[in-house]
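This report walks through selected features of one protein chain, from pairs of charged side chains to a sheet, a surface patch and some details of the backbone. Please keep the sequence and the structure at hand while reading.

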Amino acid sequence: MKLSQLIQPLVEYNLLAHFPNPFIDLEIQGIVSDSRQVKPGSIFVAIPGLTYDGHDYVVQAIQKGAVAVVGERADIEISIPYIQVVNSRRALAALSAAWYGFPARQMTIIGVTGTDGKTTTSNYIYQILKTAGYSVGMISTVSALIGEETIDTGFHVTTPDAPQIQYLLAKMAAREPFPITHVVLETTSHGLAQYRVSACEYDIGVFTNITHEHLDFHGTYENYRAAKAQLIEELVNTVQKVQGNIRLAVLNRDDQAFEYLRERVTFYPLVKMITYGVSLEADVRADEIQIINHKPQFFVKNKGKRTFVQLNLMGEYNISNALAAWCATVEGLGIEAEMAAEGLRQVSAIPGRMERIDLGQSYLAIVDFAHTPNALRNALISARKLTNGRIIAVFGSAGLRDREKRKQMAEIGVKLADFCILTAEDPRTESVEAILLEMKNGADTAGGVEGRNYIRIADRRAAIRMAVHLARAGDVILLLGKGHEQSMCFGEIEYTWDDRVALKSAIAEQLGIPGPAMPFLPG
């Protein structure tokens, strides 16, 4: 692609701070933001980061064959074209979209954001669309689904970077014989704050909830909330599409951030809004809720119409996720209510979300991704309804992440579980013992007594084995925090790890039956 063609979107998005000097209309062979990945003919985008500044690597990029550079700093003097922009991250997204021919403009993009419930809600929307006969794709923090093809998107939960997102969207738009027409894009606060999802041309923005998470990155809850709300601005920024523009914000009427988000929506006349929840004030609400065999069923009420819905995922909190998906599809896209109900019913399992591990043991064993205070609370409340026995909860809190939630998680655990085992969860370069000490302080504040209703075991393998050893018939083991994830970070190394495999291994050892080997962890 010619340089002049590639940088045109920088003008379109008002990102160009200074026209390249000298300007040479070169043939560009690729776009990279990591100087180590530069190949001859690349355009290098210099991004200032928390630890490293890409501008410091411009010379190395040129030595490796970069023929043009994009950056924010005005003091860069080089012999090849330098395009100064107001925001390098946004520029990377715009350039990536242009490189792949703006694929999002050819499709309807549904973004799902929130602290908890993003993956489940995304899966609900995906299945409703699939049931209704749409050609649908999905990009989640777990994987990308393009027809029958599944592509991994990373070890840990975050939105892929801009070039990868645009590549995946382009792959969907070019799918043969049936191009993808609708895409569900799970959208994290990091993805929004770092502009990875700029130029994704959102049509519908779904908000699950905004509770306590990622304050290590955002600093305050207010900043975190504002980052999530950027999805509303993305709806405004979407270009006119041939298929029409929906520009719908789907808000949780029961969430603490509702009023804030509502005010943000009303600031933009182009954006429509619909609300959901159990609250009587919600536009779309759940009524006559029942839990049958641990699974919710209810009526969806909207505009005088009632539609029966039966979910096949455990957990009453999934009602909220289902209502969010309902609003996006039925109200946003005009899918028939009965078709949406059938799509919701068909979702029977999501990896790492209240996933049962059953090797014939006499107690329930469940793996769930709950890694925030709100998600932990919901998981424990749901587990309480599954048994008359004890709840044994195994969980930790990540290193180099939001420290405030360590105490909160422990407090919630000792209040709602019968016994807690506090253990490692991605300590990274922090001391596991130091993290667990902070959690101990939270547990003690909430009335916990170490040795009586909670213990600390730094080794997650030993913690899981202890939970299995303690469990009696009718109890529930909840292994929390990792869910579907496939690695655990110690130091700067990602070790292969799967909670489901570890729990199966411990149960098989107890039962004396063949099972998988316990995954390795250091320490």
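## A salt bridge between two helices

With which residue does R406 form a salt bridge, and how far apart are the closest N and O atoms? In this predicted model, the partner of R406 is E438, and the closest N and O atoms of the pair lie 2.9 Å apart. The contact joins distant parts of the chain, since R406 belongs to helix α14 (residues 404-416) and E438 to helix α15 (residues 432-445), with the two positions 32 residues apart in the numbering.

The two partners differ in their exposure class: R406 has a relative accessibility of 0% and therefore counts as buried, whereas E438, at 21%, counts as partly exposed. The cut-off matters for E438, because buried means under 20% relative accessible area.

## Other charged pairs

The count of salt bridges comes to 34. One of them brings together the side chains of E509 and R465, with an N to O distance of 2.9 Å. This pair, too, links distant parts of the chain, with E509 in helix α17 (residues 499-511) and R465 in helix α16 (residues 460-470), 44 residues apart. Here both partners are partly exposed, E509 with a relative accessible area of 45% and R465 at 35%.

A salt bridge also forms between the side chains of K482 and E485, where N and O are 2.8 Å apart. K482 is buried, with a relative accessible area of 0%, and E485 likewise counts as buried, at 4%. Elsewhere, R285, D287, E288, K301 and R306 are joined into one network by salt bridges that share partners.

## An open sheet of five strands

Five strands make up an open sheet with mixed pairing, and their order across the sheet is β1-β5-β4-β3-β2. The edges are formed by β1 (16-18) and β2 (30-32), each of which pairs on one side only. On average, and with direction ignored, neighbouring strands of this sheet are turned by 30° against each other.

Within the sheet, strand β3 (residues 42-45) and strand β4 (residues 68-71) run in the parallel sense and pair over three bridges, and I43 stands opposite A68 in β4. Helix α4 (residues 88-99) packs on the sheet, where it touches β2, β3, β4 and β5 (82-85), and the direction of the helix makes about 155° with that of β2.

## A nonpolar patch on the surface

V278, I289 and I291 together make a nonpolar surface patch of about 210 Å². One of these residues, I289, lies in strand β14 (residues 284-292). I289 is partly exposed, with a relative accessible area of 34%, and it can therefore be part of a patch, for which residues need over 30% relative accessible area.

## Surroundings of R500 and G360

R500 is found in helix α17 and, at 13% relative accessibility, counts as buried. When residues up to four places away in sequence are not counted, R500 touches P351, G352, E355, I357, V367, G483, H484 and Q486.

G360 sits in the loop between β17 (355-356) and β18 (364-368) and is exposed, with a relative accessible area of 60%. Although G360 and A508 are 148 residues apart along the chain, their C-alpha atoms are separated by 9.4 Å.

## Backbone details in loops

A cis peptide bond, with omega at about 0°, joins E176 and P177. P177 is placed in the loop between α6 (162-173) and β10 (182-186).

Positive phi values in residues other than glycine occur at A199, where phi is near 70°, and at M354, where phi is about 45°. A199 lies in the loop between α7 (189-193) and β11 (204-207), while M354 lies in the loop between α12 (337-346) and β17. Both residues are classed as buried, A199 at 9% relative accessibility and M354 with a relative accessible area of 7%.

Methods
Residues numbered from 1 in each chain as written. Predicted model: local features only at pLDDT ≥ 70, side-chain atom pairs only at ≥ 80, totals over all residues. Heavy atoms only, no water. Patch = residues over 30% accessible without salt bridge, like charges linked within 9 Å, V, L, I, M, F, W, Y side chains within 5 Å. Areas by Shrake-Rupley, 256 points an atom, 1.4 Å probe, with all protein chains shown as cover. Salt bridge = Lys/Arg side-chain N within 4 Å of Asp/Glu carboxyl O. Helix = DSSP H or I, 4+ residues; strand = E, 2+ residues; numbered from the N terminus. Buried < 20%, exposed > 50% of the residue type's maximum accessible area, 1.4 Å probe, protein only. Pairing = 2+ DSSP bridges. Axes fitted to C-alpha atoms, helices over the stretch in contact; angles between N-to-C directions. Contact = heavy atoms within 4.5 Å.
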